[in-house]
Amino acid sequence: VHVADSVGGLVQAGGSLRLSCVVSGCILSINVMRWYRQAPGRQRELVAAITSVGTTNYADSAKGRFTISRDNAKNTVYLLMNSLKPEDTAVYYCNANLWLVGTTGWFDYWGQGTQVTVSS
């Protein structure tokens with residue numbers, strides 16, 4: 001199984017950035033897909049989540065600015081980030097809850113993380 005985060009980047013405050021994450025491998029089903037982030041010296045925190053039927057959930061810090069979406073046909077999840085702030089600077093990680101061929105349950109898999117830096 002491979003969970004591949006897209007490249008992040010450097011953006012000015014107020015700007016926008018879209019992250020994507022593709023899941024590949026011997027996958028039977030994908031349940032919830034999530035984006036987390038971890039800033040220096042802080043714990044990893046949940047940013048947004050989306051179920052297989054499109055139900056979404058956001059951290060308070062992301063509400064109204066970030067939009068999570070997914071393309072089930074492409075096993076891809078997206079995070080559109082608008083009105084970015086310097087405090088959004090972090091490494092962003094994709095997480096996917098998967099049922100793999102030959103296994104008997106759901107397991108979480110992580111992308112390698114991508115750096116997002118917002119300059120003031």
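A residue is taken as buried when its relative accessible area is under 20%, and in this predicted model Y36, at 19% relative accessibility, therefore counts as buried. The ring of Y36 is paired with that of W110 in one of the 2 aromatic pairs that the structure holds. The arrangement of Y36 and W110 is tilted, with 4.9 Å from centre to centre and 55 degrees between the planes. Because Y36 belongs to strand β4 (residues 27–38) and W110 to strand β10 (residues 106–110), this pair ties together parts that are 74 residues apart in sequence. W110, with a relative accessible area of 38%, is partly exposed.

The other aromatic pair is made by W99 and W106, whose rings are placed edge-to-face, 5.4 Å centre to centre and with 90 degrees between the planes. Both members are partly exposed, W99 at 26% relative accessibility and W106 at 37%. Aromatic rings are also met by a charged group, since the charged end of R44 sits over the ring of Y93 at 3.7 Å from its centre. The charged end of R44 likewise sits over the ring of W110, 4.8 Å from the centre of that ring, and W110 thus takes part both in this contact with R44 and in the tilted pair with Y36.

Turning to the strands, an open sheet of 4 strands is found with the order β1-β3-β8-β7 and antiparallel pairing. Strands β1 (2–5) and β7 (66–71) stand at the edges, and because each has a single partner strand, one side of each is left without a neighbour in the sheet. From one strand to the next, the twist averages 15 degrees. Strand β1 is joined by 4 bridges to β3 (residues 17–24), the two running antiparallel, and within this pairing D5 has C21 of β3 as its bridge partner. Between β3 and β8, which also run antiparallel, there are 6 bridges, and here L17 is matched with M81 in β8.

Strand β8 (residues 76–81) is mostly covered, with 5 of its 6 residues buried. On its other pairing, β8 is joined to β7 over 6 bridges in the antiparallel sense, with D71 standing opposite T76 of β8. Strands β7 and β8 form a hairpin in which 4 residues lie between them, and in the turn N75 has a positive phi of about 50 degrees.

The bridge partner of D5, C21, is also engaged in a covalent link, for a search of the whole structure finds 1 disulfide, and this is formed by C21 and C94 with their sulfur atoms 2.2 Å apart. The link of C21 and C94 is left-handed, with -80 degrees about the S-S bond. Because C21 lies in strand β3 and C94 in strand β9 (residues 90–100), the disulfide ties together parts that are 73 residues apart in sequence. Both cysteines are buried, C21 having a relative accessible area of 0% and C94 likewise standing at 0% relative accessibility. By contrast, C26 is in no disulfide, and the nearest cysteine sulfur, that of C21, is 17 Å away. With a relative accessible area of 54%, C26 is exposed.

Technical notes: Residues numbered from 1 in each chain as written. Predicted model: local features only at pLDDT ≥ 70, side-chain atom pairs only at ≥ 80, totals over all residues. Heavy atoms only, no water. Pairing = 2+ DSSP bridges. Axes fitted to C-alpha atoms, helices over the stretch in contact; angles between N-to-C directions. Disulfide = S-S within 2.5 Å. Buried < 20%, exposed > 50% of the residue type's maximum accessible area, 1.4 Å probe, protein only. Phe/Tyr/Trp six-rings, centres within 6.5 Å; stacked < 30°, edge-to-face > 60°. Lys NZ or Arg CZ within 6 Å of the ring centre and 35° of its normal.
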